[in-house]
Amino acid sequence: MKTNRRSFFQTLGAGTAGVGIASALPLTSCVREPESPAEDDGQILFIGDDIALADTEYGKVKGFLLRGITQFRGIPYGADTGGKNRFLPPQPPKPWDDVFPAVWWGNTAPQIMDNRYANAYASFADHWNYDDVSEDCLRLNVWTPAVDQGKRPVLVWLHGGGFTNGSGIEQDGYMGENLSRKGDVVFVSLNHRIGPIGFTDLSAVGGEKYKDSGNVGVLDIQAALDWVHRNIANFGGDPGNVTIMGQSGGGAKVCTVSSMPASAGKVHKAVALSGNIIGAVPKNYSEKLGRYIVKEAGLKASEVDKLQEIPWKEYILLANRAAEALIRDEGPSGMMRGSFGPVGDGVHVPDAPFFSDPGSYSAQIPMILSTTTGEFSPSRTNAALEELSLDQVKEQLAGYQPYGADLQGKDMGQIVDAYAEAFPERTPTDIWSMILSNRTLVVETANAKVAQSAPVYLAWFDWQPPLFDKRMRAFHCLDICFWFNNTDLMLTHTGGGARPRKLAGSMSDALLQFMRNGDPNTPSLPVWPTYTLETGEVMMLNDESTVKNDPDREARRMLKNV
């Protein structure tokens, strides 16, 4: 399969805009920024025999030093998951004697790459990065201010893409250099198994050997967290202060991993952006899907091992056909974006609602939960939709069933009126976008989490980019580069410049403060109160950020028919 492989120096050059970001903000790092244009003309990339070396439990790795931040790319944290390891829990990588060249990204996990760049506008806006694809994908990347014993806070980034697509570097906004420099922190991103390769439950047909098969994708994440726990001190990080963070499917991974018993002692804080779940795929559903897959493959239960021999793309297509058949017969699983995702087996992943046990380890994990006001904008490439009236928006939404909604006894016209009343300053197309992007799931997650002892902070990102004639709205994925201080890297999301950079400074300040002590309050934002059921406090993130008390409460309740 032909995949897109960007040049090494292109990815290096992408980060040069970040120097301006960091130099405009207070620095806590010991790395000194250039003080004059002449000094800025010096060498910024260093690689050599005695530069950027670090020890891991499996062997020594070599990275490179770029603009004062040491990077390591593609470090193995697990063995090849292909062949006899497919559907099984991750195995340790084979130790190496030579120095491992950690200077290029690890392989993207198996997923359907055909037509990934088919939509020209989407490819332009999201500026995807994808590399070679294979089952030898258990790799991670590290950005650190210094390879020392600094005991810096650690952030582990879990990529989006539902549970079926994506990679740890798929957007330029995922890069950890600027946050690492600004906050003197260690940034880790990773690839892990996804889709049918990561979440096929064969336990009902394959017996004891495959008892964990439905959750190997999240067991990979746990293996990466184990690696961080045992090795990150060698990269200047503190294994006792680890924050996991993800967006979209990555946010759902954060909710899942925070709820797993195996996270105890390895995860200390969590941030979930635009992806919130409070439960996994039911075990009985995942087992049925496993049976459908075996049937689709034309195999007997005694022949399950043959599924390990099928080329990965062929297997994914086969499994997807089986999932479609099960959906036709019994409906969807309830998992975001498909049938494949973590399974509530009651062993690795709770079979009860997440955060429902006040005595579980998850009760000790402070969380930030955030969404955007315009996750999905219907008019980005269609200017005519901006001229619709409220009645025309009602016509567009007729028969639409928002995810997580219960519209018994109501029609979408009533919902549109409720949102228009709650947000009179918004245009009809804004209202359309806000209904498509409603906060039902994130508030449900916050309401579940707030019953535990650790604090919960809620945010709603409302910054509007100037691109596409201002029709993009605060869209899905836009906020990532603000949290990571990367707005001048993700130009196709923000346009770049001082305006987004200012909000990025405030949001990255809050994230860094949260990483340090579990509280995002910082002088660069208004006082950010903890979330409560009674008041529904939410930080509205914008050019001028404000705190509001559940501004969409009544409109949102219409979606749930309460």
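User: Before strand 14 comes up, what does buried mean here?
Analyst: This is a predicted model, and the term is applied to its coordinates. A residue over 50% relative accessible area is exposed, and the range in between is partly exposed. Buried means under 20% relative accessible area.

User: Which residues of strand 14 point one way and which the other, and are they buried or exposed?
Analyst: In a regular strand, side chains alternate between the two faces of the sheet. In strand 14, Met 367, Leu 369 and Thr 371 point one way. Ile 368, Ser 370 and Thr 372 point the other way, and the residues of both sets are all buried.

User: How many of the residues of strand 14 are buried?
Analyst: Strand 14 spans residues 367-372 and is mostly covered. The number buried is six of its six residues.

User: Which residue of strand 15 is the bridge partner of Ser 370?
Analyst: Strand 14 and strand 15 run parallel and are joined by six bridges. Within this pairing, the partner of Ser 370 is Ala 459.

User: Which residue stands opposite Leu 273 in strand 14?
Analyst: Strand 11, residues 269-273, pairs with strand 14 in the parallel sense over four bridges. Leu 273 belongs to that strand 11 range. The residue opposite Leu 273 is Ser 370.

User: Are helix 15 and helix 19 roughly parallel or roughly perpendicular to each other?
Analyst: Helix 15 covers residues 440-449 and helix 19 residues 553-560, with their axes 10 Å apart. They pack at an angle of about 95°. Angles of 65 to 115 degrees count as roughly perpendicular. The two helices are therefore roughly perpendicular.

User: By class, what residues make up the contact of helix 15 with helix 19?
Analyst: Helix 15 contributes Thr 440, Val 443 and Glu 444. Helix 19 contributes Arg 556, Leu 559 and Lys 560. By class, the contact has two nonpolar, one polar and three charged residues.

User: Which residues are linked with Arg 556 in a network of salt bridges?
Analyst: Arg 556 forms a salt bridge with Asp 552, the closest N and O atoms being 2.9 Å apart. Arg 556 and Asp 552 are both buried. The residues linked with Arg 556 in the network are Arg 439, Asp 550, Asp 552 and Arg 553.

User: How many salt bridges does the count come to?
Analyst: A pair qualifies when a side-chain nitrogen of Lys or Arg is within 4 Å of a carboxyl oxygen of Asp or Glu. By this rule the total is 37 salt bridges.

User: How many residues apart in sequence are the parts that Asp 220 and Arg 193 tie together?
Analyst: The side chains of Asp 220 and Arg 193 meet in a salt bridge at 2.8 Å, N to O. Asp 220 lies in helix 8 and Arg 193 in the loop between strand 9 and helix 6, so the parts tied together are 27 residues apart.

User: What relative accessible area does Arg 193 have?
Analyst: Its partner Asp 220 is buried, with a relative accessible area of 0%. Arg 193 is also buried, and its relative accessible area is 0%.

User: How many residues apart in sequence are the parts that Lys 209 and Asp 305 tie together?
Analyst: Lys 209 forms a salt bridge with Asp 305, the closest N and O atoms being 3.2 Å apart. Lys 209 lies in the loop between helix 7 and helix 8, and Asp 305 in the loop between helix 10 and helix 11, so the pair ties together parts 96 residues apart.

User: Are Lys 209 and Asp 305 buried or partly exposed?
Analyst: Lys 209 is at 41% relative accessibility. Asp 305 has a relative accessible area of 38%. Buried would need a value under 20%. Both residues count as partly exposed.

User: Is Arg 473 buried or exposed?
Analyst: Arg 473 lies in the loop between strand 15 and helix 16. Arg 473 has a positive phi of about 60° although it is not a glycine. With a relative accessible area of 6%, Arg 473 is buried.

User: Is Asp 469 buried or exposed?
Analyst: Asp 469 lies in the loop between strand 15 and helix 16. Phi of Asp 469 is also positive, near 55°. At a relative accessible area of 65%, Asp 469 is exposed.

Methods. Residues are numbered from 1 along each chain as its sequence is written. This is a predicted model: local features need pLDDT of at least 70, side-chain atom pairs count only at pLDDT 80 or more; totals for chains, interfaces and linings use all residues. Side-chain values use heavy atoms; hydrogens and water are left out. Axes are lines fitted to C-alpha atoms, for helices over the stretch in contact, and angles run from 0 to 180 degrees between N-to-C directions. Angles under 35 degrees count as roughly parallel, over 145 as roughly antiparallel, 65 to 115 as roughly perpendicular and the rest as oblique. Contact means heavy atoms within 4.5 Å. Ala, Val, Leu, Ile, Met, Phe, Trp, Tyr, Cys and Pro count as nonpolar, Asp, Glu, Lys and Arg as charged, and the others, Gly among them, as polar. Buried means under 20% relative accessible area, exposed over 50%, partly exposed in between (1.4 Å probe, protein chains only). Two strands pair if DSSP finds at least two bridges between them.
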